[in-house]
Amino acid sequence: MSQDNSEQEDRAKPLKIEGPIPSTAVGIESIKESYSETMSPHRRIFKWFARRPTTTTRLAILASLLPEDITDDELLTSMCVGPKEEIDGSIEDYILAKEATKNNREGTIEEHFGYEYAHKRMPSESELEELHKIIEDQWNGDLPTVLDPTAGGGTIPFKSARYGFPTVSNELNPVAWLLNKVILEYAREIGSLESEVRKWTSKIESQVQSDISEFFPDRNGVQPNYYFRTYSTRCPSCGEKFPLSDQWWFNKDSRGGGGYAVKPEYGEDLTYRVIEVDDSTDFNPSDGTVDGGDAECPHCGVVTEREDLVTKFKQGDFDFEVCAIKYSDKIDGSKYHSPTPEDFNAIEAAEERIENDLELSTLLREDRYIGYYDRAGPYGITQWRDLFTPRQLLSHASFLQAFHDVKDEIRAEYDESTAEAILVLLTLIGSRQINHNSRLTPIRANRGFVDNMLGNNNFSFQWHFGESNMLAGGKSYESWTDNVLKYYEEVVSYYPDSVKQGDDFVTIYQGDGGDLPLDDEEVQAVVIDPPYGDNIIYSEIADAFYVWQRQYLNDIFPDKFDTSETNKEDEAVENPALEDSDKTSSTSESAREHYENKMRSIFSEAYRVLEPGGAITIYFTDKEIGAWDSLTMSIMDSGFTITATHTVSSETPSRIGVQGQSSADTSLLLTCRKPLTSDEGGEPTLWSDIRDQTRTAARQKASELLDSDINLTKTDVIIGAFGPTLRVFTEEYPVVDMHDNPVRPKQALEEARAAVTEVLIERELEDSLDEVDALSRWYILSWLVYEAESIPYDEARQLGIGVGVHIDEIKQETKIWGKSRDTLVLKGHDYRVRDYTALEAGEKRRERAYPVNPQDTSFDYNIDAVHAALNVLETKGGDFAWNWLKERDLQNATWFTKTVKSLLQVVPQDHPDYDLLVNLASGETGQLLDINTDFLSREPEEEQTRTTLQDF
Ligand SMILES: C[S@@+](CC[C@H](N)C(=O)[O-])C[C@H]1O[C@@H](n2cnc3c(N)ncnc32)[C@H](O)[C@@H]1O
Ligand SMILES: [Zn+2]
């Protein structure tokens with residue numbers, strides 16, 4: 001729609017979020033709380049995937065409800081961000097100053113900042129009353145209802161309920177829905193259950209103890225905690241049995257070369273011995289038998305290739321064996337020991353028990369849904385019970401049985417809702433164990449313990465895996481009981497008294513957000529953190545918990561656990577596995593179409609249930625333009641008008657290109673309104689009329705972010721610029737091209753990216769890239785923007801189109817990039833240039849594999865000349881390279897020096913080309929080229945490590 005004054009007048013009363021907000025302070029707070037030990041307890045009760053920081057959530061909710069004229073300080077105070085005492089100056093300035101000095105602090109982060117983490121705090125009852133009054137005034141006298149249609153682990157409704165706003169939570173997945181019940185209903189209405197639950201867990205535990213402890217033999221009275229297991233198979237060539245593992249460490253000392261490892265021994269039988277590794281050990285535990293999926297037989301040296309190995313697994317032609325055991329205390333000076341015959345007997349006995357028990361032999365004999373990213377299915381893990389060794393299955397089943405045995409007693413002892421709450425908490429404790437006790441449970445090779453199987457948000461095969469003794473140690477039933485109860489009780493304590501009563505102000509639904517059981521115009525505000533494209537396929541991984549929770553709770557919630565797995569069809573994700581291959585369009589296209597349709601129905605539903613003038617605030621946290629395009633399109637198609645965008649940037653850059661890391665640390669908050677009067681749909685705007693405007697908006701935002709003190713990756717800067725760009729675009733929506741074809745948001749976002757890239761070139765590169773050819777430009781820009789050799793393919797392709805190269809067309813000929821799944825890998829000189837000395841020696845081998853010949857006198861692309869020069873320098877030395885350059889007159893070619901110089905500024909210092917580039921630009925060849933290398937004094941890059949939200 002084009003500018004229209006009457007529309008302005010029709011707008012509802014402006015909200016705080018529709019003006020400036022203190023987003024930098026909130027970004028700093030959000031990062032503070034993202035470390036595991038400082039996380040809000042609601043997310044630690046049970047794992048859910050991709051949760052948002054709670055401070056950003058407070059901001060999104062409160063700023064979407066409060067009036068425009070609230071000051072930043074008032075807003076931050078209502079969010080409990082900042083010191084309680086009066087300070088000089090603004091809270092945001094105070095936080096910025098604290099942030100700037102935090103590395104030199106004494107004491108904890110909390111002490112340094114001078115106030116507790118926001119999620120631990122709440123306004124006092126009188127402050128809350130005051131806040132309610134202001135908000136009621138804004139919303140015609142009543143407290144507005146806040147809806148989250150895709151609530152996940154419940155962060156948004158939890159915050160909303162704590163503040164006493166009428167709250168509606170909806171979530172499709174029953175595993176997440178159950179968490180909402182716990183956090184929003186039981187914790188708030190029933191409250192503390194610690195002693196009650198413990199009464200039953202000790203009963204359950206002692207029953208399990210007498211049922212299965214014989215299968216976990218102690219040693220000298222010391223309990224085993226973990227079993228480290230690995231696979232073995234028979235060599236198809238020599239027939240001998242050999243172990244399959246990519247490495248043999250299970251507690252590698254990260255400082256020195258030592259630690260504990262397993263050494264396979266090939267006597268009459270294959271056995272494993274635990275060894276303590278030091279300098280004198282003549283066995284390298286880092287050398288496994290498996291490498292890149294292929295396995296080499298240690299007896300005859302024949303390699304079984306991945307495909308054949310996979311076939312063997314599918315046919316069940318393998319074993320999994322215990323190769324080491326970790327005890328809860330030292331025995332003979334060490335906690336780690338090799339298994340004994342007694343251990344093997346116990347395992348065998350567990351297997352027999354499973355085989356001979358009718359119920360156990362059929363438990364979870366159900367086919368698994370095997371998704372697109374599933375790396376366990378190909379190895380024959382096709383039924384749910386395959387995920388476990390027989391003894392693991394026996395353990396889980398024993399806890400399940402004990403739960404069922406106390407169920408009726410619990411129901412008889414308490415009122416219905418208390419009994420339900422206790423049974424659900426017992427289910428959470430029981431089902432949490434699954435994640436740390438399966439064949440996909442990884443071993444932390446540097447820590448000597450087992451990790452969680454869904455840490456990467458997918459099912460990945462493990463060559464060696466951990467088995468937990470659930471009767472003792474760090475991942476035992478007792479420890480999960482402590483864990484679940486600790487965080488549950490904390491959540492209970494987080495509710496102010498005034499919101500504890502009343503079961504009617506919080507409503508929890510399980511179902512499709514595109515079809516809510518709400519009346520038209522029933523809610524005033526929607527705050528939503530939607531799923532993003534194919535980032536996480538929630539249903540697929542949640543099934544690992546669901547299939548067990550179903551066993552626990554099916555009779556209590558028959559309509560929630562009635563299907564054998566969770567709902568994939570209604571899930572709003574881009575799931576290629578869901579799409580039939582016989583569709584006309586490609587799988588990924590139809591997967592995206594499915595995602596868009598689902599998101600459109602969720603936003604249309606939000607539109608329907610919102611009252612006119614109601615607000616929706618949407619989180620955007622993705623790096624891929626595709627997901628942004630889909631989301632924006634569905635928002636606009638639903639009839640919303642975008643009224644504000646904000647970037648909430650965290651200061652810790654997380655590099656993309658790292659596997660499974662496509663979620664940005666930068667979030668965008670997008671606020672839209674349902675118009676007061678229904679709009680006829682304005683005149684379309686011509687794309688060419690607003691194109692410059694989108695560029696300007698993006699450039700401005702990028703400069704602003706780069707000028708701020710926040711340490712952002714380039715990709716985060718680009719994302720930050722998407723907000724203002726989208727705003728321009730949606731204000732003018734619908735947008736058409738000269739032929740009246742609709743223009744998608746994607747086009748504006750690509751414009752934004754190109755504009756930001758320009759800004760980056762201007763700021764980060766000494767020279768412009770005018771004289772450099774398009775392909776070489778693309779190569780330099782890819783390094784500049786992504787700061788890593790792996791880049792999302794689609795992004796790189798778009799970047800290419802921006803500078804005028806179609807990267808698919810030049811791939812074969814130039815070999816300048818390679819592809820691995822959806823990732824593009826930039827190649828360096830060693831991959832592309834034939835070896836000069838080999839050429840001299842007349843070697844013909846693999847000639848065609850290298851596109852660049854360093855003996856040529858001219859080159860197709862600038863980058864080829866530079867890569868050739870690097871090879872010459874490396875193989876023939878400086879003098880020779882000097883002549884080589886002269887012969888080709890490269891010292892007089894500006895394009896050559898510009899390419900070298902720009903590469904030096906963008907190629908990471910740990911890349912093999914980097915040192916060669918430095919050599920080329922300095923010393924004799926440097927003098928010849930006349931490159932001033934002053935700009936080279938870059939700070940060394942620091943290693944970033946932190947616990948990510950994904951861990952919880
Ligand atoms: C990004 S997550 C929300 C995370 C949440 N904010 C938290 O802090 O835990 C998106 C959620 O949308 C849910 N979802 C996917 N499709 C849905 C649908 N059609 N209806 C309702 N929820 C859906 C997923 O199961 C997932 O939990
Ligand atoms: Zn062999």
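This passage walks through a zinc site, a small group of strands and several individual residues in a predicted model.

Some conventions come first. Residues are numbered from 1 along each chain as its sequence is written, while chains are lettered from A and ligands numbered from 1 in the order in which they are written. Since the model is predicted, local features need pLDDT of at least 70, side-chain atom pairs count only at pLDDT 80 or more, and totals for chains, interfaces and linings use all residues; side-chain values use heavy atoms, with hydrogens and water left out.

A good place to begin is the zinc ion (ligand 2), which is coordinated at 2.3 Å by the SG atoms of Cys235, Cys238, Cys297 and Cys300. Donors here are N, O and S atoms within 2.8 Å of the metal (3.2 Å for Na, K and Ca), and sites may look incomplete because water is not among the atoms. The arrangement is tetrahedral because the 4 donor atoms subtend angles of 107 to 113°. For four donors, tetrahedral requires all angles to lie between 85 and 135 degrees. Along the sequence, the donor residues follow the spacing C-x2-C-x58-C-x2-C. Cys238 sits in the loop between strand S3 (224-234) and strand S4 (241-244), and Cys297 in the loop between strand S9 (294-296) and strand S10 (303-304), so this pair ties together parts that are 59 residues apart in sequence. Helices (H or I, at least four residues) and strands (E, at least two) are DSSP runs, numbered from the N terminus. Cys238 is partly exposed, with a relative accessible area of 33%, whereas Cys297 is buried at 1%. Buried stands for under 20% relative accessible area, exposed for over 50%, and partly exposed for values in between (1.4 Å probe, protein chains only).

Next comes an open sheet of 3 strands in the order S5-S6-S7, with antiparallel pairing. Strand S5 (249-252) and strand S7 (270-277) stand at the edges with a single partner strand each, so one side of each has no neighbour in the sheet. Two strands pair if DSSP finds at least two bridges between them. S5 is joined to strand S6 (residues 259-266) by 3 bridges, and Trp249 has Ala261 in S6 as its bridge partner.

Within strand S7 lies Arg273, which counts as partly exposed at 37% relative accessibility. Arg273 and Lys263 are 10 residues apart in sequence, with their C-alpha atoms 5.2 Å apart in space. Beyond its neighbours within four places in sequence, Arg273 is in contact (heavy atoms within 4.5 Å) with Ala261, Val262, Lys263, Glu265 and Ser338.

Further along the chain, Asn862 belongs to helix H28 (residues 862-876). Asn862 is buried, with a relative accessible area of 10%. Residues up to four places away in sequence aside, Asn862 touches Glu771, Val772, Asp773, Ser776, Trp895 and Thr899.

Finally, some backbone details are worth a look. The peptide bond from Tyr733 to Pro734 is cis, with omega near 0°, and Pro734 falls in the loop between helix H21 (714-731) and strand S22 (735-736). Asn220 has a positive phi, near 50°, in a residue other than glycine; Asn220 is exposed, with a relative accessible area of 65%. Glu521, also other than glycine, has a positive phi near 55°. Glu521 is found in the loop between strand S16 (506-510) and strand S17 (523-528) and is partly exposed at 43%.

Conventions: Four donors count as tetrahedral if all angles lie between 85 and 135 degrees; four count as square planar and six as octahedral if opposite donors are over 155 degrees apart and all others between 65 and 115; anything else is irregular.
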